[in-house]
Amino acid sequence: MKKALVIASILLVAVVSTACINNIAVRDLNNKAQEYMAKGEYGEAIERLKSSIDLDSTVFESHYNLGIAYTQNEDYINAEKEFQKSLEIKPNTADVFYSLATAQNNLAADIEQGTVRLNTDGTLYKPKADEVDFSQKYKMNEQEQKYAQDYTQAAIANYQKYLELKPNAKDKDKVQKQIEDLTNPPKAEAMEE
(Lines give C-alpha, C1' and ligand atoms only; values in the text may rest on other atoms or scores of the structure.)
Protein backbone atom coordinates (compact mmCIF):
# COMPACT_ATOMS: atom_id res chain seq x y z
CA MET A 1 0.00 0.00 0.00
CA LYS A 2 2.82 2.40 0.89
CA LYS A 3 4.56 1.69 -2.44
CA ALA A 4 1.40 2.49 -4.37
CA LEU A 5 0.99 5.75 -2.47
CA VAL A 6 4.63 6.73 -3.09
CA ILE A 7 4.34 5.90 -6.80
CA ALA A 8 1.08 7.86 -7.07
CA SER A 9 2.71 10.82 -5.32
CA ILE A 10 5.71 10.74 -7.66
CA LEU A 11 3.43 10.58 -10.71
CA LEU A 12 1.34 13.47 -9.40
CA VAL A 13 4.45 15.61 -8.85
CA ALA A 14 5.70 14.73 -12.36
CA VAL A 15 2.38 15.63 -13.97
CA VAL A 16 2.10 18.91 -12.06
CA SER A 17 5.71 19.81 -12.87
CA THR A 18 5.21 19.10 -16.57
CA ALA A 19 2.02 21.15 -16.61
CA CYS A 20 3.80 24.09 -14.96
CA ILE A 21 6.70 23.92 -17.41
CA ASN A 22 4.29 23.77 -20.37
CA ASN A 23 2.33 26.69 -18.93
CA ILE A 24 5.48 28.81 -18.67
CA ALA A 25 6.59 27.84 -22.19
CA VAL A 26 3.14 28.67 -23.63
CA ARG A 27 3.18 32.06 -21.91
CA ASP A 28 6.72 32.78 -23.14
CA LEU A 29 5.80 31.83 -26.73
CA ASN A 30 2.71 34.06 -26.58
CA ASN A 31 4.75 36.97 -25.21
CA LYS A 32 7.41 36.54 -27.91
CA ALA A 33 4.66 36.39 -30.55
CA GLN A 34 3.25 39.69 -29.25
CA GLU A 35 6.69 41.26 -29.64
CA TYR A 36 6.92 40.03 -33.24
CA MET A 37 3.41 41.30 -34.03
CA ALA A 38 4.29 44.73 -32.60
CA LYS A 39 7.21 44.83 -35.07
CA GLY A 40 5.01 43.69 -37.97
CA GLU A 41 6.81 40.34 -38.22
CA TYR A 42 3.63 38.28 -38.54
CA GLY A 43 5.27 35.15 -39.94
CA GLU A 44 7.50 34.90 -36.86
CA ALA A 45 4.52 35.54 -34.59
CA ILE A 46 2.51 32.83 -36.36
CA GLU A 47 5.31 30.29 -35.86
CA ARG A 48 5.55 31.07 -32.12
CA LEU A 49 1.80 30.82 -31.66
CA LYS A 50 1.60 27.53 -33.55
CA SER A 51 4.32 26.17 -31.25
CA SER A 52 2.35 27.41 -28.27
CA ILE A 53 -0.73 25.55 -29.49
CA ASP A 54 1.36 22.41 -30.05
CA LEU A 55 2.26 22.54 -26.34
CA ASP A 56 -1.30 23.23 -25.16
CA SER A 57 -4.20 23.51 -27.58
CA THR A 58 -6.64 24.57 -24.86
CA VAL A 59 -5.24 28.07 -24.30
CA PHE A 60 -7.71 30.66 -25.60
CA GLU A 61 -5.13 33.43 -26.00
CA SER A 62 -2.93 31.30 -28.28
CA HIS A 63 -5.76 30.66 -30.74
CA TYR A 64 -7.09 34.21 -30.57
CA ASN A 65 -3.64 35.77 -31.03
CA LEU A 66 -2.93 33.37 -33.90
CA GLY A 67 -6.17 34.51 -35.53
CA ILE A 68 -5.06 38.13 -35.13
CA ALA A 69 -1.61 37.34 -36.58
CA TYR A 70 -3.19 35.58 -39.56
CA THR A 71 -5.53 38.56 -40.05
CA GLN A 72 -2.59 40.97 -39.99
CA ASN A 73 -0.84 38.70 -42.50
CA GLU A 74 -3.99 38.81 -44.68
CA ASP A 75 -4.50 35.04 -44.39
CA TYR A 76 -8.22 35.16 -43.66
CA ILE A 77 -8.75 31.44 -44.32
CA ASN A 78 -6.59 30.47 -41.33
CA ALA A 79 -7.68 33.49 -39.28
CA GLU A 80 -11.28 32.35 -39.49
CA LYS A 81 -10.34 28.84 -38.35
CA GLU A 82 -8.44 30.15 -35.32
CA PHE A 83 -11.24 32.50 -34.28
CA GLN A 84 -13.67 29.56 -34.49
CA LYS A 85 -11.35 27.54 -32.22
CA SER A 86 -11.21 30.52 -29.83
CA LEU A 87 -14.99 30.49 -29.60
CA GLU A 88 -14.96 26.76 -28.82
CA ILE A 89 -12.83 27.56 -25.77
CA LYS A 90 -14.61 30.79 -24.72
CA PRO A 91 -17.98 30.87 -26.51
CA ASN A 92 -19.25 34.35 -25.62
CA THR A 93 -16.21 36.55 -26.10
CA ALA A 94 -17.38 39.70 -27.87
CA ASP A 95 -14.02 40.65 -29.38
CA VAL A 96 -13.68 37.23 -31.00
CA PHE A 97 -17.02 37.72 -32.77
CA TYR A 98 -15.79 41.08 -34.07
CA SER A 99 -12.48 39.61 -35.24
CA LEU A 100 -14.24 36.61 -36.81
CA ALA A 101 -16.65 38.91 -38.65
CA THR A 102 -13.74 40.97 -39.96
CA ALA A 103 -11.95 37.85 -41.22
CA GLN A 104 -15.14 36.55 -42.87
CA ASN A 105 -15.85 39.92 -44.48
CA ASN A 106 -12.31 40.05 -45.89
CA LEU A 107 -12.54 36.43 -46.99
CA ALA A 108 -15.74 37.18 -48.93
CA ALA A 109 -13.98 40.13 -50.61
CA ASP A 110 -10.98 37.92 -51.47
CA ILE A 111 -13.26 35.33 -53.06
CA GLU A 112 -15.00 38.06 -55.09
CA GLN A 113 -11.63 39.40 -56.27
CA GLY A 114 -10.28 35.94 -57.07
CA THR A 115 -7.37 36.15 -54.62
CA VAL A 116 -8.96 33.20 -52.78
CA ARG A 117 -10.31 30.33 -54.84
CA LEU A 118 -12.28 27.17 -54.31
CA ASN A 119 -10.82 23.68 -54.68
CA THR A 120 -12.99 20.96 -56.21
CA ASP A 121 -13.51 19.52 -52.70
CA GLY A 122 -14.99 22.84 -51.52
CA THR A 123 -11.99 24.01 -49.50
CA LEU A 124 -10.56 27.46 -49.99
CA TYR A 125 -7.00 28.22 -51.04
CA LYS A 126 -4.90 31.22 -51.95
CA PRO A 127 -3.51 30.80 -55.49
CA LYS A 128 0.10 31.63 -56.25
CA ALA A 129 0.70 35.09 -57.72
CA ASP A 130 1.48 33.67 -61.17
CA GLU A 131 -1.90 31.88 -61.21
CA VAL A 132 -3.86 35.13 -60.88
CA ASP A 133 -4.46 37.53 -63.79
CA PHE A 134 -5.14 40.92 -62.21
CA SER A 135 -5.43 42.67 -65.57
CA GLN A 136 -9.07 41.61 -65.81
CA LYS A 137 -11.86 41.50 -63.25
CA TYR A 138 -12.28 38.00 -61.82
CA LYS A 139 -15.53 36.24 -62.69
CA MET A 140 -16.72 33.97 -59.89
CA ASN A 141 -18.48 30.71 -60.60
CA GLU A 142 -21.80 29.94 -58.87
CA GLN A 143 -20.20 28.01 -56.03
CA GLU A 144 -17.75 30.85 -55.33
CA GLN A 145 -20.63 33.35 -55.39
CA LYS A 146 -22.45 31.22 -52.80
CA TYR A 147 -19.35 31.03 -50.60
CA ALA A 148 -18.85 34.81 -50.80
CA GLN A 149 -22.52 35.38 -49.90
CA ASP A 150 -22.33 32.86 -47.04
CA TYR A 151 -19.22 34.53 -45.62
CA THR A 152 -20.86 37.95 -45.90
CA GLN A 153 -23.97 36.69 -44.07
CA ALA A 154 -21.78 35.08 -41.40
CA ALA A 155 -19.87 38.36 -41.00
CA ILE A 156 -23.14 40.26 -40.52
CA ALA A 157 -24.33 37.74 -37.90
CA ASN A 158 -21.01 37.90 -36.04
CA TYR A 159 -20.91 41.72 -36.05
CA GLN A 160 -24.45 41.62 -34.63
CA LYS A 161 -23.39 39.08 -31.98
CA TYR A 162 -20.50 41.38 -31.06
CA LEU A 163 -22.92 44.26 -30.49
CA GLU A 164 -25.30 42.00 -28.57
CA LEU A 165 -22.49 40.95 -26.20
CA LYS A 166 -21.01 44.46 -26.01
CA PRO A 167 -23.98 46.86 -26.38
CA ASN A 168 -21.97 49.88 -25.19
CA ALA A 169 -18.98 49.25 -27.43
CA LYS A 170 -17.01 52.40 -28.28
CA ASP A 171 -17.09 51.38 -31.95
CA LYS A 172 -20.82 50.64 -31.97
CA ASP A 173 -21.65 53.22 -34.66
CA LYS A 174 -18.82 52.00 -36.89
CA VAL A 175 -19.93 48.36 -36.53
CA GLN A 176 -23.58 49.25 -37.22
CA LYS A 177 -22.44 51.08 -40.37
CA GLN A 178 -20.42 48.03 -41.40
CA ILE A 179 -23.51 45.83 -40.94
CA GLU A 180 -25.58 48.28 -42.98
CA ASP A 181 -22.97 48.37 -45.77
CA LEU A 182 -22.82 44.56 -45.89
CA THR A 183 -26.60 44.26 -45.81
CA ASN A 184 -27.12 46.85 -48.56
CA PRO A 185 -24.09 46.72 -50.86
CA PRO A 186 -23.90 49.31 -53.65
CA LYS A 187 -25.44 48.25 -56.94
CA ALA A 188 -23.04 47.11 -59.65
CA GLU A 189 -24.21 49.90 -62.01
CA ALA A 190 -23.57 52.58 -59.38
CA MET A 191 -20.04 51.25 -58.81
CA GLU A 192 -19.20 51.41 -62.51
CA GLU A 193 -20.25 55.07 -62.90
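The dialogue below reads a few local features of a predicted model.

Q: What is the approximate phi of Glu74, and where is Glu74 placed?

A: Most residues other than glycine have a negative phi. Glu74, although not a glycine, has a positive phi of about 60 degrees, and its place is in the loop between helix H3 (60-72) and helix H4 (76-89). With a relative accessibility of 48%, Glu74 counts as partly exposed, because the exposed class begins over 50%.

Q: How far apart are the end C-alpha atoms of helix H7 (residues 172-183), and what span should its twelve residues have?

A: At 1.5 Å a residue, the twelve residues of H7 should span 16 Å, and the end C-alpha atoms are 16 Å apart, which agrees.

Q: Which residues of H7 are buried, and which are exposed?

A: An α-helix has 3.6 residues a turn, so residues three or four places apart point the same way. In H7, Val175, Ile179 and Leu182 are buried. Seen down the axis of H7, the buried residues fall within an arc of 70 degrees, so they line one face of the helix, whereas Asp173 and Lys174, on the other side of H7, are exposed. The buried residues of H7 pack against helix H5 (94-113) and H6.

Q: Is Thr152 of helix H6 (residues 142-165) buried or exposed, and which residues does Thr152 touch, not counting those up to four places away in sequence?

A: Thr152 is buried, with a relative accessible area of 13%, since buried means under 20%. Beyond four places in sequence, Thr152 touches Ala108 and Leu182, and a polar atom of the Thr152 side chain lies 2.9 Å from the backbone oxygen of Ala148.

Definitions and conventions. Residues are numbered from 1 along each chain as its sequence is written. This is a predicted model: local features need pLDDT of at least 70, side-chain atom pairs count only at pLDDT 80 or more; totals for chains, interfaces and linings use all residues. Side-chain values use heavy atoms; hydrogens and water are left out. Helices (H or I, at least four residues) and strands (E, at least two) are DSSP runs, numbered from the N terminus. Buried means under 20% relative accessible area, exposed over 50%, partly exposed in between (1.4 Å probe, protein chains only). A polar contact is a pair of N or O atoms within 3.5 Å; within protein, one must be able to donate a hydrogen and the other to accept it, and residues adjacent in sequence count only if both atoms are side-chain atoms. Contact means heavy atoms within 4.5 Å. The expected span of a helix is 1.5 Å times one less than its number of residues. The arc is that of the directions from the helix axis to the C-beta atoms.
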